[in-house]
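This report goes through one protein model and the ligand placed in it. Please keep the sequence and the structure open while reading.

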Amino acid sequence: MLTIFWKYIKKHPYVYGITTFFALLSSILTIVPNYLIQKIIDEMVNHSLTTQNLSQLLWFFFSAILLIYLVDVTWVLLLFSQSYKYQSSLRTNLYKRLLQLRTPFYERFRSGDLMTRMTSDIEFLGDTIGYGFMLIVSNITWALSIFMIMFVTISWQASLLSVLPLFFFAWSVFKLWQKVDTLYEENRDAVANLSNEVLEVVDGVRVMRAYGKKEMEQMHFQTKTTTVLEKANNLMFYSGAVGQVAKIFTGLSTAIGLTFSGYLIGQGQMTVGQLISFQIYLGMLSGSIWGLSDIVLVYQQGNVSFRKVEEILTAEDGVKRNGFDELDSFEAITFSDYSFTYPNNTLPTLEKINLQLKKGETLGVVGPTGSGKTTFIRQLLRQYPLATQGKLQINQKDIQCYKVNDLEKRIGYVPQEHILFSRDVAHNIRFGKTFATQAEILEAIQTADFTKDLEQMPDGLATLIGEKGVAISGGQKQRIAIARAFIRQPELLILDDSLSAVDAKTEQTIITNIQKMRQNQTTIIVTHRLSAVAKAHKVIVMEHGQITEMGTPTELLAKKGWYYQQYLNQQLEENVDANL
Ligand code: ADP
């Protein structure tokens with residue numbers, strides 16, 4: 001951490017240079033009022049203090065205090081505004097990194113933990129480079145200046161004796177420091193864990209109520225809160241101990257200094273003014289040592305937060321993005337003997353997939369739940385590292401040769417779990433095409449069969465949806481998600497079971513609309529309802545990660561396999577529904 005901070009400090013020489021210079025100036029100026037007090041006392045004791053003398057000294061005294069105040073305000077403001085700039089740029093970098101990282105990374109880190117890293121960890125790092133730097137610079141310059149002035153203008157013997165206990169203090173702080181590091185990390189992780197819990201509770205509160213699990217979840221939450229409390233108490237105990245140790249040693253230092261000064265006065269080697277000054281200096285020295293002890297906590301917090309933020313900045317997801325070729329269009333997508341195993345699994349989820357999809361074709365993907373349909377289409381999205389066995393080619397070239405951005409730009413993907421943002425309908429759809437016109441939005445809405453629903457909405461396209469807006473049904477959400485993907489006019493549109501919450505008739509309307517509008521473009525439809533792929537050019541049936549049937553819907557019916565059986569079942573269900 002220190003090396004990185006040092007690099008940052010060197011990158012901003014003016015800010016940190018001026019800060020250090022002003023801190024030094026303030027430390028030197030701090031000595032002036034004290035010196036003036038010493039002078040006034042000594043002149044009073046010697047009966048040489050005149051009114052003119054006194055008013056002159058007092059004028060200097062107040063001017064010095066005002067100057068110290070102005071110098072301090074300037075450098076502290078400069079330092080803290082730089083610390084906020086640091087936080088803001090670090091947060092932006094972290095955010096950029098989060099946007100780049102793919103699914104395997106998000107499977108390793110929980111949302112609450114990532115939130116803690118984005119918020120409090122970054123704040124602690126800002127504190128370290130701002131408040132921490134201030135503590136070091138001001139207290140060290142202050143302590144050194146005070147010691148020097150005590151050493152030179154009062155008594156070198158008394159000064160040396162009184163700083164002796166401070167070396168023991170440094171040693172004790174070092175010992176406590178090591179303990180606090182582990183405790184601080186435990187405390188921070190417990191807080192991150194609690195944030196996760198809160199996020200899950202907020203998401204799942206309805207399910208919890210429905211299953212009458214409120215009390216049980218409350219107890220679970222209580223356990224986590226108690227853990228945080230225990231960890232925080234532990235941390236407080238040890239970090240508080242640093243303050244107590246500081247108190248003991250600074251007290252010892254003052255006692256030694258004052259006893260020895262008393263002896264020096266007895267010997268006629270110190271004046272009363274010097275004794276009072278010495279006492280004030282010792283008080284200041286203790287203050288700066290106290291300040292330095294605060295660094296223990298700031299440093300530890302910063303260090304742990306630094307590790308947490310670095311972990312994200314340097315995290316890998318295993319997805320290679322070193323392709324340089326530009327992708328102009330999806331002329332052909334070819335899977336050859338392609339087998340894929342998830343990074344954390346041992347057995348393959350896809351086995352020996354062989355398939356070719358040409359531009360303009362619609363592919364239907366059907367099969368039982370868990371058979372590998374989503375895994376299959378995720379290969380095109382480059383969400384996971386690619387398989388080491390077999391090939392996945394686009395236009396006869398390995399998919400890894402292409403820029404990932406090019407691939408992403410040309411694909412419109414509607415996942416099973418539709419994600420909508422707490423903004424208005426238009427904004428959610430424009431997410432697919434930033435500068436889409438009103439006409440384009442309305443066309444996408446028409447294709448997604450959402451026009452009638454929109455008419456019912458209080459503010460039309462400007463209706464706020466999501467957490468703070470109007471509540472909409474699962475089917476409506478799915479259709480907005482479809483409109484969002486459709487508005488991109490992507491070369492490859494992938495619907496991953498994304499119409500499961502709408503009725504069969506609406507699904508049929510949407511599929512017909514899409515096929516009409518996407519005559520020469522490629523579409524992949526993953527579905528449970530065979531009627532959705534009845535007009536597809538090609539349909540594959542996936543079972544246990546393998547393609548067990550492939551052909552046109554008519555060919556598959558003739559094969560009398562899984563597709564045919566499923567067709568009969570769904571026909572039966574439809575007839576039952578119609579008779580009800
Ligand atoms: P489908 O879409 O046909 O329902 P999936 O492709 O979602 O099937 O899942 C196929 C298999 O892959 C399942 O057994 C599932 O447990 C496994 N699987 C899915 N996602 C992951 C993952 N991220 N890590 C490990 N295994 C996974």
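The sections below cover the domains, the annotated membrane spans and the ligand site of this predicted model.

## Domain layout

The protein is divided into three parts: domain 1 covers residues 2–313, domain 2 joins 325–410 with 491–580, and domain 3 covers 417–489. Domain 2 is thus written as two sequence segments, with the residues of domain 3 numbered between them.

Between the C-alpha centres of domain 1 and domain 2 the distance is 59 Å. The contact between these two domains takes four residues from domain 1 and seven residues from domain 2.

## Annotated transmembrane regions

An unreviewed UniProt entry lists residues 14–37, 57–80, 124–148, 154–174, 245–266 and 278–299 under "transmembrane region". These annotations come from the record.

Two of the listed spans can be described from the model. Residues 14–37 are 100% helix and 0% strand, and the C-alpha atoms at the two ends lie 35 Å apart. Residues 57–80 are likewise 100% helix and 0% strand, with 34 Å between the end C-alpha atoms.

## Surroundings of the ligand

The ligand is surrounded by 14 residues, of which Glu-107, Gly-370, Thr-374, Thr-375 and Tyr-384 are the closest. By residue class, the shell holds nine polar, three nonpolar and two charged residues.

Helix H9, residues 373–381, supplies three residues, the largest share of the shell. Thr-374 and Thr-375, both among the closest residues, fall within the range of helix H9.

## Polar contacts and burial

Which atoms of Glu-107 approach the ligand? An N or O atom in the side chain of Glu-107 lies 2.7 Å from a nitrogen atom of the ligand. Thr-375 also uses its side chain: an N or O atom there is 2.4 Å from an oxygen atom of the ligand. Gly-370 contributes a backbone N or O atom, placed 2.8 Å from an oxygen atom of the ligand.

Taken alone, the ligand exposes 560 Å², and the protein buries 68% of that area.

Note on methods:
Residues numbered from 1 in each chain as written. Predicted model: local features only at pLDDT ≥ 70, side-chain atom pairs only at ≥ 80, totals over all residues. Heavy atoms only, no water. Near = heavy atom within 4 Å. Polar contact = N/O pair within 3.5 Å; in protein donor to acceptor, adjacent residues only side chain to side chain. Areas by Shrake-Rupley, 256 points an atom, 1.4 Å probe, with all protein chains shown as cover. Helix = DSSP H or I, 4+ residues; strand = E, 2+ residues; numbered from the N terminus. Nonpolar A, V, L, I, M, F, W, Y, C, P; charged D, E, K, R; others polar. UniProt positions renumbered as here; feature names shortened; annotations may be inferred. Domains from an automatic or database assignment. Contact = heavy atoms within 4.5 Å.
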